[in-house]
Amino acid sequence: MKKSLLAALLGCVLAAPLFAHAENSYVSVGVGNSSYDHPDFDEGATGVSLAFGQSVTDVIGYELGYVHFGSAKSAGVKLETQSVYLAGVGTYPVSEAFSVYGKLGATINHYTEDTASFSDSRTKLRPLIGAGIDYKFNKEWSAGLEYVYFGEYSDLTMSMWSANLRYHF
């Protein structure tokens, strides 16, 4: 997990100068409770997310992101999931500072299952749907809360509640 997170952060830092000229764009960092909803696991872990988004109009945009869901353990089995996603984002400004938004897109989920005797991994394309609320402190900074559903695979449902901090270019 540390290597994946470090690689994602390093990629954003190196790409930041490219994004600085992109109007109406943002970089978002999130931390929250990821859910491994499965008959054998049914527990949460601390998940982290990193995303780049851009508004095409005042109400329509897109977001490209990475999520590491943390790991869940049960009866000697460790499950770890990571996702890369692309989503369309629809935003409705409630006031000058508050807005609500919804996301709809696709996610590539990579599942790794480890036990003492074997290791197995799978990668699946799944639908993504989410919603959230955002508060803009000033022109550059905003914070928000969101829920995102990352799809199902073999009785495992992945989702995440998170708090996000965004820097707008």
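Which residue forms a salt bridge with R166, the closest N and O atoms being 3.9 Å apart? The residue to select is E146; a salt bridge here is a side-chain nitrogen of Lys or Arg within 4 Å of a carboxyl oxygen of Asp or Glu. The structure is a predicted model, in which local features need pLDDT of at least 70 and side-chain atom pairs count only at pLDDT 80 or more, while totals for chains, interfaces and linings use all residues. Residues are numbered from 1 along each chain as its sequence is written, and side-chain values use heavy atoms, with hydrogens and water left out.

**The whole chain**

Begin with a cartoon view. The chain holds one helix and eight strands, in the order α-β-β-β-β-β-β-β-β along the sequence. Helices (H or I, at least four residues) and strands (E, at least two) are DSSP runs, numbered from the N terminus. Of the 169 residues, 38% count as buried; buried means under 20% relative accessible area, exposed over 50%, and partly exposed in between (1.4 Å probe, protein chains only). Residues 24 or more positions apart supply 51% of the contacts with a separation of 6 or more, a contact being heavy atoms within 4.5 Å.

**The salt-bridge network**

Six salt bridges are counted in this model. Select E63 and K103, whose side chains meet in one of them at 2.5 Å, N to O. E63 lies in strand β3 (residues 60-74) and K103 in strand β5 (residues 98-114), so the pair ties together parts that are 40 residues apart in sequence. Both E63 and K103 are buried.

Next, select D134 and R166, where the closest N and O atoms are 2.9 Å apart in a salt bridge. D134 belongs to strand β6 (residues 119-136) and R166 to strand β8, 32 residues apart. D134 is buried at 9% relative accessibility, and R166 is buried at 4%.

Return now to E146 and R166, the pair of the opening, with a closest N to O separation of 3.9 Å. This pair links strand β7 with strand β8 across 20 residues. Both partners are buried. Display E63, K103, D134, E146 and R166 together: salt bridges that share partners join them into one network.

**The cavities**

Switch on a cavity display. Two cavities of 30 Å³ or more are found in the whole structure. On a 1 Å grid over the protein atoms alone, a cavity is a set of points where a 1.4 Å probe fits but cannot get out, and lining residues have an atom within 4 Å of a point. Grid points are joined across faces, edges and corners, and a volume is the space filled by probe spheres set on the points.

The largest cavity holds about 70 Å³. Select its lining: S49, V67, Y85, K103, L128, E146, V148, F150, M160 and S162. Strand β7 (141-153) and strand β8 (156-168) each give two or more residues to this lining, and β7 has the largest share, with three.

Then move to the second largest cavity, of about 40 Å³. Its lining consists of S28, S49, A51, E63, Y85, K103, E146, N164 and R166. At least two of these residues come from β2 (43-55), and at least two from β8.

**A last stop at T81**

Finally, select T81 in strand β4 (residues 77-93). T81 is buried, with a relative accessible area of 0%. Beyond its neighbours within four places in sequence, T81 contacts Y36, V67, H68, F69, G70, H110, Y111 and M158.

Terms used:
On a 1 Å grid over the protein atoms alone, a cavity is a set of points where a 1.4 Å probe fits but cannot get out, and a pocket is an open set with protein on both sides within 12 Å along at least five of seven lines; lining residues have an atom within 4 Å of a point.
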